[in-house]
Amino acid sequence: MKQEVKPVHSMSSRREKNLDLIRPKRLRFPEDERENEWLGILLDAYYLGDKCVFEGISKRIKRGEQLACKKGCSSCCSTHSTIPAYPLEIIGIYWYTDTKIKGETRVRLAQNLISYNQLNQCPFLIGGACSIHPMRPLACRFFNVFNSPCAPGEDPFYSRRKDVLTPNEQEKQKALSKYLHFHGIRGKKAVKVALKTDILNNYVKNLREIDWKNLGIRLNLRLI
Ligand code: SF4
Ligand code: SF4
């Protein structure tokens, strides 16, 4: 069913941002990528998204601005109640939580997922950090704030729009076009039309409203 959620640019943020800006690298999970073709597509999209963000942030830093996002800063993961997530991203989150998250984090994440609808924050936020950092959706990657950190409950997209990064639209679309490949839309012309008509919006869900209970139960049953 089609869900009405905010477009990627107005999405929630957060995560382990390094204080020093590090040029992004494409993540690699060679064995898993061999078994799961979709994973390579997703990692390509995340790389393109990270590159777009890196270039946008670098430009503003060169102009003398300071990136406010940093490790341990995560109020955005509670404040934002709408976090757009595309099907491929949701598959990536299922895969990553089930196969890569271990030990205490897995136990705590399982609890969060089972009670996801009673939480006042994203269920993947654990101890002030994103537990699915390598698999966080593009929306989380794209949301970056300059000059001062968000106050509790503040969404700078509305309170100080000029402090929020606006990712380069063309670069952003390059990342999104990977998701179109996953949905079988390939070829320059078809991708162009699909991006123009925002076909992907038909598939997007709100991460905070997805029923995560079964995943939580699965993590509990398969402790690793
Ligand atoms: S500054 Fe705001 S958007 Fe950036 S990590 Fe902190 S709370 Fe999130
Ligand atoms: S997935 Fe959740 S915890 Fe992770 S960065 Fe996005 S909002 Fe924050």
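Q: Is Asp-198 buried or exposed?
A: This is a predicted model, in which local features need pLDDT of at least 70 and side-chain atom pairs count only at pLDDT 80 or more, whereas totals for chains, interfaces and linings use all residues. Residues are numbered from 1 along each chain as its sequence is written, while chains are lettered from A and ligands numbered from 1 in the order in which they are written. A residue counts as buried with 20 or more other C-beta atoms (placed from the backbone) within 10 Å of its own, as exposed with 12 or fewer, and as partly exposed in between. Asp-198 has 11 such atoms within 10 Å, so the class of this residue is exposed.

Q: Where does Asp-198 lie, with its positive phi?
A: Asp-198 is a residue other than glycine, yet its phi is positive, near 55 degrees. Helices (H or I, at least four residues) and strands (E, at least two) are DSSP runs numbered from the N terminus. In those terms, Asp-198 sits in the loop between helix 9 (188-196) and strand 4 (205-206).

Q: What class of exposure does Asn-147 have?
A: Asn-147 is found in the loop between helix 6 and helix 7 (156-159), and although this residue is not a glycine, its phi is positive, at about 80 degrees. Because Asn-147 has 13 C-beta neighbours inside 10 Å, its class is partly exposed.

Q: Which helix gives the most residues to the largest nonpolar core?
A: The largest nonpolar core, a set of buried Ala, Val, Leu, Ile, Met, Phe, Trp, Tyr and Cys residues joined through C-beta atoms within 7 Å, has 47 residues, and those with the most contacts inside it are Ala-45, Leu-113 and Tyr-179. Several helices each supply at least two residues of this core, among them helix 4, helix 5 (103-114), helix 8 (169-182) and helix 10 (213-221). The most, eight residues, come from helix 2.

Q: What is the orientation of helix 2 and helix 4 to each other?
A: The axes of helix 2 (residues 37-62) and helix 4 (residues 87-100) come within 10 Å and cross at roughly 110 degrees. The contact is made by Trp-38, Ile-41 and Leu-42 of helix 2 and by Leu-88, Ile-91 and Gly-92 of helix 4. The orientation is therefore roughly perpendicular, a label that covers 65 to 115 degrees, with angles under 35 roughly parallel, over 145 roughly antiparallel and the rest oblique.

Q: How are helix 5 and helix 10 oriented to each other?
A: Helix 5 and helix 10 pack at an angle of about 150 degrees, with their axes 7 Å apart. The orientation of helix 5 to helix 10 is therefore roughly antiparallel.

Definitions and conventions
Axes fitted to C-alpha atoms, helices over the stretch in contact; angles between N-to-C directions. Contact = placed C-beta atoms within 7 Å.
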